[in-house]
Amino acid sequence: METTLPPPPPPSPLLLTRLNTIVGKSRIGKHFKLNDRNTTFTTELRAGTTTFLTMAYILAVNASILADSGATCSVSDCIPLCSNPNFSTNNCTGPNLHVITPDNSCKFPPVNPGYATCLNSVRKDLIVATVASSLIGCVIMGIFANLPLALAPGMGTNAYFAYTVVGFHGSGNIPYESALAAVFIEGIIFLLISAIGLRAKLAKLVPKPVQISSSAGIGLFLAFIGLQNNEGIGLIGYSPSTLVTLAACPASSRASLAPVLTSPNGTVSLSSGGSVSGNIMCVSNKMQSPTFWLGVVGFVIISYCLVKRVKGAMIYGIVFVTAVSWFRNTQVTVFPNTLEGDTLFNYFKKIIDVHKIRSTAGALNFTSVDKPVFWEALVTFLYVDVLDTTGTLYSMAKFAGFTDEKGEFEGQYSAMMSDAAAITVGSLVGTSPVTVYIESSTGIREGGRTGLTALTVAGYFMLAFFFTPLLASIPAWAVGPALVVVGVLMMRSVVEIDWGDMREAGTGVCNGLVCKCRIVKGGGGEGDGSVRGNGVVSESSVVEITQSRKVLEV
C-alpha cells in the first residue's frame, strides 16, 4: 500500500517579515496606514535614517549661523582688560598702563574674551534649540499629518535672520530677542492663514518666475556665505575696488576693517554707527590657507558622493574635515593653543553631555514692534514661508505620489498646520523659522510613505541631544563646503524658467539680481531682496495674467 507523505511545512518567515506583519496589523500600523500605503515598518525606519543622514548637517550649520548674530550676548558680557594684554587688570598700574572699560567695540575683532565665552555658550544653546525645534516639528508632522516629511530650521531664512535682521554680533537693526518675537508673531499669522485655508491660495497666486528665482536667490546667498571666512572656507575676501576678491590666506595674514574718522589732531575714532569687520581682507599669502585647502577636500568628498548617489553625502564631507581638524598642534586645528582653544578642547573631551538651554529659550522681546524694520523682517519671514515652505510641501507630496488631479493630498491641512506650529515653537526655544526639508525626498525615494519616517528622524534628533560637545566642535571650514553644495543644488531650479519668454526670463533675472545685490551690498538678505524684487516682478506678472486670463500656479 502506497503511503502518501504530508506536504512539507512552509518555511518560517524571516524575522523582519514577521515584524512587519505584526506591526502592520497592530494599532500603530493601522494609525499610520502602513498596509494602505503599501509600505512596511522596516522600510519606514530605513527611509527615516536616510532622511536624517542627508539633513543632519543642519545641527552644526544652523547653530553656527545663528551664533554669528551674537544671540543674547551683549556688551555686559565683555570684561575689563588692561591696555597691555600681558598684565591682568589687578596689576594694570603704571604710567603707560590703564584698564580698558568695555564698549560696543568689544563685540568685534579682536573679540573680548568675555564676549567670546558667551558666544561659545550660546552656540551650545542654539545646537540644542535646533535639535528641539526639529524634533518637535518632525513629531507633529509624523503623528498628525502622517507624512514622511522632516522639518528643521530653514537654510536661507536663518542667514537672513542672523546677518540682516540681527546683524553680525548684534550690529543689525533690531536685537536677537526682538527678531525672535518677529518670528513668533509670523508663526502665529502663518498658523491662522493655514487654519482658514488661505495659505494654499496665497501660494498659488505667486507667479512661477518669482518662486523659481527666489529659490535660486536663497542658493546664491548660502553659497556666498559658505565661501566667506567667518562661516565658510574663506575663499573670498574684501576688495576696495570690486567688493569681493579671491582670498584664502592664513589667519595671520588677514586684516580687520572699520569706518573711522580722523580728527584734526590726528586722533582716529570709529564713525558713528560703524562696526569692525573682522579678518575680511587678505594682506598677503593669498590661496595659502591650510584650512581652505582642507575645506576644498571636504567639498570634493561631498560632490563625489552626490555624483555616486551615496546617502549622507553632506555628512561624509563634514565628518572628514571635522575629524582632521580635531587633532591639536596642527595648522588646521579647531583647538589652537590659546585660552579659548583650551576651553573648547576641554568641553570637547566630554563627548557626551546633555546641555540645558540657558539663554535663548523664551528670550522673546516685543519692545521693537513699533519699528518699521521689525515689520519688514516679519513680512519677509512670512513671504518666504508662504512661498518656500508651501512649495516644498506640495513638491514632496507630488514626489511621493500623494497628490490628486487637483494637486491636493491626504493630510494636507494637518501638514500645513504642523509646519506653521513648528515655526512658533522654534521661536520659543531661540531659533529661526522651521520648514519642511527638501532632503525628505531621499527618504521618500527609499520607500517612506507614512509619518513613521518623520518619527524616525525625530528619534535621531533625540539622540543628538547627548552629543552637544561634538557638534559644538565642528569648524567653519567643515560647514562651508556643505553650504556651497546646498546653494548649488538650490540653483538648479532656474532651468524651469522659460528663457524664450522674456516676461518670465526678465522677471526671474530681475528678482534674482535684486536678491543677490542686496546680499553683496550688505543691506539685506535674500528674503529682503526678494520682497523688493517683486516690485519689478509685479508688472510683468499682471501683463501675463491679463493676456492669458489665468493665474500662474505653484
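Student: In which helix does M462 lie, and is M462 buried or exposed in this model?

Tutor: The model is a predicted one. M462 lies in helix α16, which spans residues 451–464. M462 is neither buried nor exposed but partly exposed, because its relative accessible area is 41% and that class falls between the cut-offs of 20% and 50%.

Student: Of which nonpolar surface patch is M462 a member?

Tutor: The patch consists of I351, I352, V354, M462, L463, F466 and F467. Together these residues have about 620 Å² of accessible area.

Student: How should one read the two sides of a helix, taking α1 as the case?

Tutor: An α-helix has 3.6 residues a turn, so residues three or four places apart point the same way. In helix α1, residues 15–25, the buried residues are N20, V23 and G24. They lie on the same side of α1 because they cover an arc of only 100 degrees around the axis.

Student: Which exposed residues does the opposite face of α1 carry, and against what do the buried residues of α1 pack?

Tutor: The face turned away from the buried side carries L15, I22 and K25, which are exposed. The buried residues of α1 pack against α2, residues 27–31, and α3, residues 41–55.

Student: Which residue in the loop between α2 and α3 has a positive phi?

Tutor: That residue is N38, located in the loop between α2 and α3. Its phi is positive, about 55 degrees, although N38 is not a glycine. N38 counts as exposed because its relative accessible area, 71%, is over 50%.

Student: Where does N329 lie, and what is its phi?

Tutor: N329 is found in the loop between α11 (313–325) and α12 (339–348). N329 is not a glycine either, yet its phi is positive at about 60 degrees. With a relative accessibility of 64%, N329 is exposed.

Student: In which sense do strands β4 and β5 pair, and how are they joined?

Tutor: As a general idea, the side chains in a regular strand alternate between the two faces of the sheet. Here β4 (residues 236–239) and β5 (residues 243–246) pair in the antiparallel sense over 4 bridges. A hairpin of 3 residues joins β4 to β5, and I236 stands opposite L246 in β5.

Student: What do the totals give for the whole protein?

Tutor: The secondary structure comprises 20 helices and 10 strands. Of the 554 residues, 51% count as buried. The accessible surface is about 25600 Å², with 63% of that area belonging to carbon and sulfur atoms. Among contacts between residues at least 6 apart in sequence, 76% join residues at least 24 apart.

Conventions:
Residues numbered from 1 in each chain as written. Predicted model: local features only at pLDDT ≥ 70, side-chain atom pairs only at ≥ 80, totals over all residues. Heavy atoms only, no water. Pairing = 2+ DSSP bridges. Helix = DSSP H or I, 4+ residues; strand = E, 2+ residues; numbered from the N terminus. Patch = residues over 30% accessible without salt bridge, like charges linked within 9 Å, V, L, I, M, F, W, Y side chains within 5 Å. Areas by Shrake-Rupley, 256 points an atom, 1.4 Å probe, with all protein chains shown as cover. Salt bridge = Lys/Arg side-chain N within 4 Å of Asp/Glu carboxyl O. Buried < 20%, exposed > 50% of the residue type's maximum accessible area, 1.4 Å probe, protein only. Arc of directions from axis to C-beta. Contact = heavy atoms within 4.5 Å.
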